[in-house]
Amino acid sequence: MSVALFQPYTLRSLTVPNRVWMAPMCQYSAEMTGPNAGVAGDWHFAHYASRATGGAGLILVEATAVAPEGRISPADLGLWNDTQKEGLRRIAGFLKEHGTVPGIQIGHAGRKASTNRPWQGRGPVAPGGPGWQPVGPSPVAFDEGYPVPTELTVERIREITGQFADAARRALDAGFEVVEVHGAHGYLIGEFLSPHSNHRTDEYGGSFENRTRLALEVVDAVRSVWPEELPVFFRISATDWLEEQGWTADETVRFAALLREHGVDLLDVSSGGNGGPARIPVGPGYQVPFAARVKAETGLPVAAVGLITESDQAEKILANGEADAVLLGRELLRDASWPRRAARELGAETHAPSQYAWAI
Ligand SMILES: Cc1cc2nc3c(=O)[nH]c(=O)nc-3n(C[C@H](O)[C@H](O)[C@H](O)COP(=O)(O)O)c2cc1C
């Protein structure tokens with residue numbers, strides 16, 4: 001019996017060796033200021049290298065900021081300069097050498113920028129020192145205690161679109177084979193998508209067409225620098241969990257069809273993160289139905305994410321045709337070799353470094 005989780009998967013000219021992929025997860029471990037701000041260091045190398053030797057087919061390196069003020073925390077990775085590109089080159093090279101496809105998520109944190117590392121208590125870091133004043137679609141704070149962001153002018157919006165293209169170009173140059181645009185979790189692109197955070201009355205706000213404009217312009221800008229033969233992913237929050245006050249699952253399906261026309265190859269389907277009185281029914285695989293719906297209704301390939309922790313659970317998602325790949329987050333923090341363990345549990349073969357061949 002063939003095991004779906006360990007079948008290769010081809011997108012454009014890129015073949016990923018299996019369907020167990022690593023979700024992007026910020027490490028908040030870069031220098032915050034100075035010439036090495038946002039540069040990947042030893043922690044990042046060890047962290048990603050060990051998930052590659054653990055058998056992940058594709059690794060999405062954490063949300064990497066396209067501009068300094070687009071970092072979630074001052075300790076985030078960046079790709080707004082060439083020093084940062086060189087730090088990431090070492091990681092992409094190691095992953096590729098060991099059979100894991102190197103991918104990277106690029107993003108802008110918008111009104112949720114300049115926050116503390118989670119283990120230092122979350123919440124905003126005030127301007128001055130390592131912190132800064134965040135920007136957003138509208139002067140509406142994310143939550144109590146968060147700053148009111150500066151409303152972006154159309155000129156600044158265009159600048160940010162260009163910064164996404166520049167970051168993608170650097171990612172390609174550093175050796176990455178997949179780039180993912182971060183459109184989820186209430187960061188800048190997601191803030192524009194949702195009527196909960198986007199109160200604009202110009203061509204970037206109001207109608208579905210206007211709220212999706214920035215996302216599609218960013219996708220076009222990234223696609224224009226990303227080679228035809230390599231895939232572009234987009235991460236979305238399928239719903240803000242705010243019903244009609246926010247972005248909805250119906251809008252996600254409509255938007256997925258547009259993303260496909262604009263050259264996106266796979267939708268990474270997450271949810272939530274944009275504030276408000278969201279009620280989220282968190283449980284095993286709780287976001288999978290959103291991915292399944294996008295796949296069924298649009299034909300766009302999807303990756304499912306969120307509380308996927310067991311090998312048979314992951315296998316069923318793929319075997320049922322609900323997703324084309326699974327992304328694991330926290331379970332890969334617990335167990336870097338989860339993919340190789342899952343292969344063993346399911347009786348499948350997967351790639352492993354020769355150095356570990358004794359332990360298959
Ligand atoms: C420490 C940590 C950092 C995260 N950073 C990011 C990120 O950079 N970009 C992103 O889209 N999601 C991020 N997430 C969300 C994960 O990608 C994933 O969607 C989420 O953890 C649910 O999957 P899981 O239940 O397998 O952990 C992060 C999650 C964790 C736990």
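Let's start where the ligand sits: the space it takes up is the largest pocket. Keep in mind as you look around that this is a predicted model.

Who lines up around the ligand? There are 15 residues around it, and those that come nearest are P24, C26, Q105, L307 and R330. If you sort the shell by class, you get 8 nonpolar residues, 5 polar ones and 2 charged ones.

Now zoom in on the ligand's oxygen atoms. R330, already met as one of the residues that come nearest, has a side-chain N or O atom 2.6 Å from an oxygen atom of the ligand. Next to look at is G329, and here the backbone does the work of pairing up: one of its N or O atoms lies 2.8 Å from a ligand oxygen. Then there's H182, where an N or O atom in the side chain is 3.2 Å from an oxygen atom of the ligand. How much of the ligand does the protein bury? On its own the ligand would expose 600 Å², and the protein buries 82% of that.

Let's leave the ligand and turn to E177. You'll find this residue in the loop between α3 (154-174) and β8 (178-183). Is E177 buried or exposed? Its relative accessibility is 14%, so E177 counts as buried, given that the cut-off for buried is under 20%. The side chain of E177 also has a partner: a polar contact of 3.2 Å joins it to the side chain of K96.

Methods. Residues are numbered from 1 along each chain as its sequence is written. This is a predicted model: local features need pLDDT of at least 70, side-chain atom pairs count only at pLDDT 80 or more; totals for chains, interfaces and linings use all residues. Side-chain values use heavy atoms; hydrogens and water are left out. A residue is near a molecule or strand if one of its heavy atoms lies within 4 Å of it. A polar contact is a pair of N or O atoms within 3.5 Å; within protein, one must be able to donate a hydrogen and the other to accept it, and residues adjacent in sequence count only if both atoms are side-chain atoms. Accessible areas come from the Shrake-Rupley method with a 1.4 Å probe; for residues, only the protein chains shown count as cover. On a 1 Å grid over the protein atoms alone, a cavity is a set of points where a 1.4 Å probe fits but cannot get out, and a pocket is an open set with protein on both sides within 12 Å along at least five of seven lines; lining residues have an atom within 4 Å of a point. A molecule sits in a cavity or pocket if more than half of its atoms lie within 2 Å of its grid points. Ala, Val, Leu, Ile, Met, Phe, Trp, Tyr, Cys and Pro count as nonpolar, Asp, Glu, Lys and Arg as charged, and the others, Gly among them, as polar. Helices (H or I, at least four residues) and strands (E, at least two) are DSSP runs, numbered from the N terminus. Buried means under 20% relative accessible area, exposed over 50%, partly exposed in between (1.4 Å probe, protein chains only).
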